[in-house]
Amino acid sequence: MTDDVIDDRALVARAADGSEDAFRSLYRAYVRPVYWIAFGLVHDESDAEDVVQETFVVAWRKIPKLRLEGASLLPWLATVCRLQAQNRLRSKRRHGNTAELDERIPALVDVENQVVEAETVAAILAAVDGLGDLDREIFRLCAAEGYGYQAAAETLGVSHGTVRNRLSRIRSRVRATAMETETP
């Protein structure tokens, strides 16, 4: 990905045309939020990882026909994730691993909460979009791709302290933005 923030619609269009790089960018951007959605539904790390993998396999298969309504792919991925989690829990129930989990899914899936989360994600993405090029890259590397301070510093050609200090300010700004959207 370049220093410019690329809209999900452009990445989805490129992925729909078969671009593995575009799909990889979408995967990197959303694998963590999808994992936490999955974990919240299945309450098991291993199952959550499997659900995430299944979610992105389904996404790869269905993305050529997807018409993205908003600017973010996350709401659609959350829906696919929820369905994959339901399938996983049904399968576990059929095989006798757990009895009550499938019945808990409707109670766990809160559409209003998903809308609020989508709005929060949109606000965070807008806050990140408003950052300077270096700050945006620091955020992408450290927050989205899991780089450590030193690895990000070496990649960007800046000092460890620069990455640490800027990331701290970025996180404060993003946290404040998230809190503003979640406050009634």
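Before I start, one definition: a residue counts as buried under 20% relative accessible area, exposed over 50%, and partly exposed in between. Keep that in mind, everyone, and good morning. What we have up here is a predicted model.

Let me begin with the overall picture. The protein chain has nine helices and zero strands, so reading from the N terminus you just get α-α-α-α-α-α-α-α-α. Of the 184 residues in the chain, 37% are buried. If you take contacts between residues at least 6 apart in sequence, 61% of them join residues at least 24 apart. As for the surface, the chain exposes about 10,700 Å², with carbon and sulfur atoms supplying 50% of that.

Now to the start of the chain. Two packed helices are described by the angle between their axes and the distance between the axes. Here, helix 1, residues 8–16, and helix 2, residues 20–42, have axes that come within 7 Å and cross at roughly 135°. That angle makes helix 1 oblique to helix 2, and the crossing is left-handed. Who makes the contact? On the helix 1 side we have Asp8, Leu11, Val12, Arg14 and Ala15, and facing them from helix 2 are Asp21, Ala22, Phe23, Ser25, Leu26 and Tyr30. Sorted by class, that contact has seven nonpolar, one polar and three charged residues.

Moving along, please look at the loop between helix 2 and helix 3, where we find His43. Most residues other than glycine have a negative phi. His43, though, has a positive phi, near 55°. Is His43 buried, exposed or partly exposed? Its relative accessibility is 41%, and because that falls between the two cut-offs I opened with, His43 counts as partly exposed.

My last stop is Asp47, over in helix 3, which spans residues 45–62. Where His43 is partly exposed, Asp47 counts as buried, because its relative accessibility is 7%. And which residues does Asp47 touch, leaving aside those up to four places away in sequence? The answer is Val42, Arg88 and Lys92. There is also a nice pair to pick out in your viewer: Asp47 and Leu89 are 42 residues apart in sequence, yet their C-alpha atoms are 9.0 Å apart in space.

So those are my three stops: the crossing of helix 1 and helix 2, the positive phi of His43, and the buried Asp47 in this predicted model. Thanks for listening, and I'm happy to take questions.

How values were computed:
Residues are numbered from 1 along each chain as its sequence is written. This is a predicted model: local features need pLDDT of at least 70, side-chain atom pairs count only at pLDDT 80 or more; totals for chains, interfaces and linings use all residues. Side-chain values use heavy atoms; hydrogens and water are left out. Axes are lines fitted to C-alpha atoms, for helices over the stretch in contact, and angles run from 0 to 180 degrees between N-to-C directions. Helices (H or I, at least four residues) and strands (E, at least two) are DSSP runs, numbered from the N terminus. Angles under 35 degrees count as roughly parallel, over 145 as roughly antiparallel, 65 to 115 as roughly perpendicular and the rest as oblique. A crossing is left-handed if the near helix is turned anticlockwise from the far one by less than a right angle, and right-handed if clockwise. Contact means heavy atoms within 4.5 Å. Ala, Val, Leu, Ile, Met, Phe, Trp, Tyr, Cys and Pro count as nonpolar, Asp, Glu, Lys and Arg as charged, and the others, Gly among them, as polar. Buried means under 20% relative accessible area, exposed over 50%, partly exposed in between (1.4 Å probe, protein chains only). Accessible areas come from the Shrake-Rupley method with a 1.4 Å probe; for residues, only the protein chains shown count as cover.
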